[in-house]
Every structure is written in C-alpha cells, then in structure tokens.
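Here's a quick briefing to read alongside the coordinates. Have the viewer open and follow along.

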Amino acid sequence: MLLLAFDTATPVITVAVHDGGRVVGEASGEGAMAHGELLAPAIRDAMAQAGAAMADLTDVAVGVGPGPFTGLRVGVVTALTLGSTLGIATHGVCSLDIVAADVQVEGEFLVATDARRKEVYWARYGADGVRLDGPHVLKPADLAAQHPDLPAFGQGAHLYDGVLRAAGAVGAPRASSLARLVVSGRAAELPLEPLYLRRPDAVPQVSSKRA
C-alpha cells in the first residue's frame, strides 16, 4: 500500500505519504488564498521524500472540510483527478475528524476551526475520537452556550479563546493523522464532495405578482 493524503480545508496545506506501516514523506505550506499554488509542490516534495513515483500510489485520501470554498475545491478536485487518472482508491474524511485524531483527553470534547465571518466550524466527539454531532457552523458564543463545559481543540478554539474553552496545542488538520486514520480503518469515510456548510450570502428576491 502507498497512500497519498492531504488536507486543504484551512490556510495550512498539509501532505503525507504512508506506506501502510508508517508515514514516509511529509510536506506543508501556508497561504489562505494560495492552495492551488502550494498543493502540487507539496505533493511533489512529500513523494520525493518517500522516494516514490505517482504511479506507485494505491490510494489517495483528502479532507473534505468543512472549510472555505476555494481551499476545499482544490483538494477535492485534486483527489478526484488522481483517483481517476491513476485508477486508485479514494477516501474522503471530515477535516474536523482529522484534528480530533490528535486529541487525547478524557471525556467528550469539541473541535473547532475558523469559518471566517466570526464563526467556527465545529463537531462534538467522544473520548475515543468518534464524532457524536456535527459538523456544523456557529458563532463561538452560541457554541459555548450549547456546550459550556467541553474543552475545545483546533484553530477556531484558539482564535476564540476566552469564549470557547480552548485546550491543548492541537491546531490545523495534519495529513499524517489523516493517513493513519485511513490506513487503520478508523476513518468515518465520506463522499469526495466538499463540505461547505456555509449559509448563502445573498438570498434571491422573489417577486409576488398581484392577482
């Protein structure tokens, strides 16, 4: 097995290569609007570190969000293209689940990432890292009101520390954690479709005709 995993749901672009036993290549980059420019070089760097060619891949995994439109589209389209071109298996995983895989805590917890517009994408997890609720999008204060006693992990939690109970140093999704989830069979896999969760900015006006 040779799995290429990546996530573009946040400003951090993260890539990893896993040979079924361990992570053998990693690369990353950061740029809120530069996912398209950064992902391909990061994939090349991770594959080079692994000493492998694209033709050696057997699987590709991608974080499907939730996240902003542009970043998610880049990651999902890349995974779909690789799966189709190389004829390999594809795996979609909620990006919040990837963050949760790095959390070690007793009891339930939240994962929150920055949804912009002063909101967060969030989900609730059990101590075993299994998602119990979500993903959803909410204002931090509303999330804190719903779950006042739960510690929160992820970039969104740290961004709104003081509103949410930010805990630990876990931040952005890591492709190495995504790869381990898929290889271990513990990933709750989703279709390769972006999870936007965003309410529309504009609602079409509906004109009513007089009788």
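What follows covers the ground rules, one sheet, one residue and one annotated stretch.

This is a predicted model, where local features need pLDDT of at least 70, side-chain atom pairs count only at pLDDT 80 or more, and totals for chains, interfaces and linings use all residues. Residues are numbered from 1 along each chain as its sequence is written, and side-chain values use heavy atoms, leaving out hydrogens and water.

**The sheet**
- Five strands (DSSP runs of E, at least two residues, numbered from the N terminus) make up an open, mixed sheet ordered β8-β7-β6-β9-β10.
- β8 (131-138) and β10 (165-166) sit at the edges with a single partner strand each, so one side of each has no neighbour in the sheet.
- β6 (residues 109-114) pairs antiparallel with β7 (residues 120-125) over six bridges; pairing takes at least two DSSP bridges between two strands.
- Within that pair, Ala-112 has Trp-122 in β7 as its bridge partner.

**Val-23**
- Val-23 belongs to strand β3 (residues 23-30).
- Val-23 is buried because its relative accessibility is 17%, and buried means under 20% relative accessible area with a 1.4 Å probe, protein chains only.
- Leaving aside residues up to four places away in sequence, Val-23 touches Ala-16, Val-17, His-18, Ser-176 and Arg-180, with contact meaning heavy atoms within 4.5 Å.
- From Val-23 to Cys-94 is 71 residues in sequence and 20 Å in space, C-alpha to C-alpha.

**The annotated stretch**
- An unreviewed UniProt entry annotates residues 33-151 as "domain: Gcp-like"; such annotations may be inferred rather than shown by experiment.
- Residues 33-151 are 39% helix and 26% strand, with the end C-alpha atoms 30 Å apart; helices are DSSP runs of H or I, at least four residues.

Definitions and conventions: Buried means under 20% relative accessible area, exposed over 50%, partly exposed in between (1.4 Å probe, protein chains only).
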